[in-house]
Amino acid sequence: MKKILAVETKLHLRDVQSPLIVIGLPTALLLILGSIPDFSKPDPAMGGQSVNDTQMPAMMAMLAMMTLAFTVLPTALTQYRERGVLRRLSTTPVHPSRVLAVQLMINMAVGIVSTALLIVLGRVVLGTAIPQQLPGFVLVFLLGSAALLAMGLVVAAVAPNSKAAPGIGSMLMFPLMFVAGMWLPRELMPDTLRHISDFSVVGPFAQAMRDTWAGHAPQPLHLAVLAVGLVVFGTLAARLFRWE
């Protein structure tokens, strides 16, 4: 397992483009958009919070994880399937499921690094607060990220090849970004859309991160939706995934 982890980590680091997009893009967007003066002003429609208080950093953290889940992870796994790597591993004592586990670990680690960088630079450059309810934030981030990665495994399972995988992932990712509140904060959503967001996995993930960032405990409903999403999509991925 350690050797697989070492090899996969080296391969991941050689692909400069993916870390640059996953880590660099959300950080750049946070610093650029967060510099807009109006984003630092309290907004009554958002409960007196400014966009920079919780909305912007939480959305950028989610963007990083969604990019990993819906483009990076499915592309890597479908390439391995196309090249016969998973099939060959299935004939050795090293079961291909270990490759899946390592891929999940690496992508989770990249997401953690990206989010930590967002928090630090947001604090230093923009003066944004760090998550005030840190234990709750860590719980929400890990649970929500795991649920997103499970959804990414489903994409990898159904994608016919590595060229189609990122396209399928993008078709899912952008509508989910909207439902999560990336462009329209959840407070400003119509009631029907907000109810849909509440059960979309990404909506509870975004809101729970914002809540813990502001110092509030995550809502039980949001945690329950994330846990159910992890179980449902994880089970679906396990049943649909093809090694060759």
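## Starting at I130

Setting aside residues up to four places away in sequence, I130 touches I119 and W213, where a contact means heavy atoms within 4.5 Å. I130 sits in the loop between α5 and α6; helices here are DSSP runs of H or I with at least four residues, strands are runs of E with at least two, and both are numbered from the N terminus. With a relative accessible area of 47% for K41 and 44% for I130, both of these residues are partly exposed. On this scale, buried means under 20% relative accessible area, exposed means over 50%, and partly exposed is in between, using a 1.4 Å probe on protein chains only. Along the chain I130 and A214 are 84 residues apart, yet their C-alpha atoms are separated by 8.7 Å.

A word on what you're looking at: this is a predicted model, in which local features need pLDDT of at least 70, side-chain atom pairs count only at pLDDT 80 or more, and totals for chains, interfaces and linings use all residues. Residues are numbered from 1 along each chain as its sequence is written, and side-chain values use heavy atoms, with hydrogens and water left out.

## The overall fold

The protein has ten helices and zero strands, so the element string is simply α-α-α-α-α-α-α-α-α-α from the N terminus on. Of its 244 residues, 48% are buried. Take the contacts between residues at least 6 apart in sequence, and 76% of them join residues at least 24 apart.

## The nonpolar core

The largest nonpolar core holds 57 residues, and those with the most contacts inside it are M60, M62, M66, F70, L148, F205 and M209. The term covers a set of buried Ala, Val, Leu, Ile, Met, Phe, Trp, Tyr and Cys residues joined through side-chain atoms within 4.5 Å. At least two residues of this core come from each of α2 (17-33), α3 (51-82), α5 (97-126), α6 (134-158), α7 (164-180), α9 (202-213) and α10 (220-240). Helix α3 gives the most, with 17 residues.

L148 shows how this looks from one residue: beyond four places in sequence, L148 touches M65, M66, A69, F70, V202 and F205.

## Salt bridges

There are four salt bridges in the structure, each with a side-chain nitrogen of Lys or Arg within 4 Å of a carboxyl oxygen of Asp or Glu. In general, side chains of opposite charge can pair when their charged atoms come close. One of the four joins R186 and D198, whose closest N and O atoms are 2.7 Å apart. R186 lies in the loop between α7 and α8 (191-198) and D198 in helix α8, so this pair ties together parts twelve residues apart in sequence. Both R186 and D198 are buried.

The loop between α7 and α8 also supplies E187, whose side chain meets that of R210 in a salt bridge (2.7 Å, N to O). R210 is in helix α9, so this pair links parts 23 residues apart in sequence. R210 counts as buried at 4% relative accessibility, while E187 is partly exposed at 30%. D38 and K41 form a salt bridge too, at 3.2 Å, N to O.

## The second largest pocket

The second largest pocket has a volume of about 260 Å³. A pocket is an open set of points on a 1 Å grid over the protein atoms alone, where a 1.4 Å probe fits, with protein on both sides within 12 Å along at least five of seven lines; lining residues have an atom within 4 Å of a point. Points are joined across faces, edges and corners, and the volume is the space filled by probe spheres set on them. Of the 13 lining residues, L33, F39, M56, M182 and W183 are the closest to the pocket's centre. The elements giving two or more residues to the lining are α2 and α3, and α3 has the largest share, with six residues. By class, the lining has twelve nonpolar, one polar and no charged residues. Here Ala, Val, Leu, Ile, Met, Phe, Trp, Tyr, Cys and Pro count as nonpolar, Asp, Glu, Lys and Arg as charged, and the others, Gly among them, as polar.

M56, in helix α3, is buried at 7% relative accessibility. Leaving out neighbours within four places in sequence, M56 is in contact with L30, L33, F39 and V51.

## T212 in α9

T212 lies in helix α9 and counts as buried, at 0% relative accessibility. Beyond four places in sequence, T212 is in contact with P131, Q132, Q133, G136, F137, V140 and P218.
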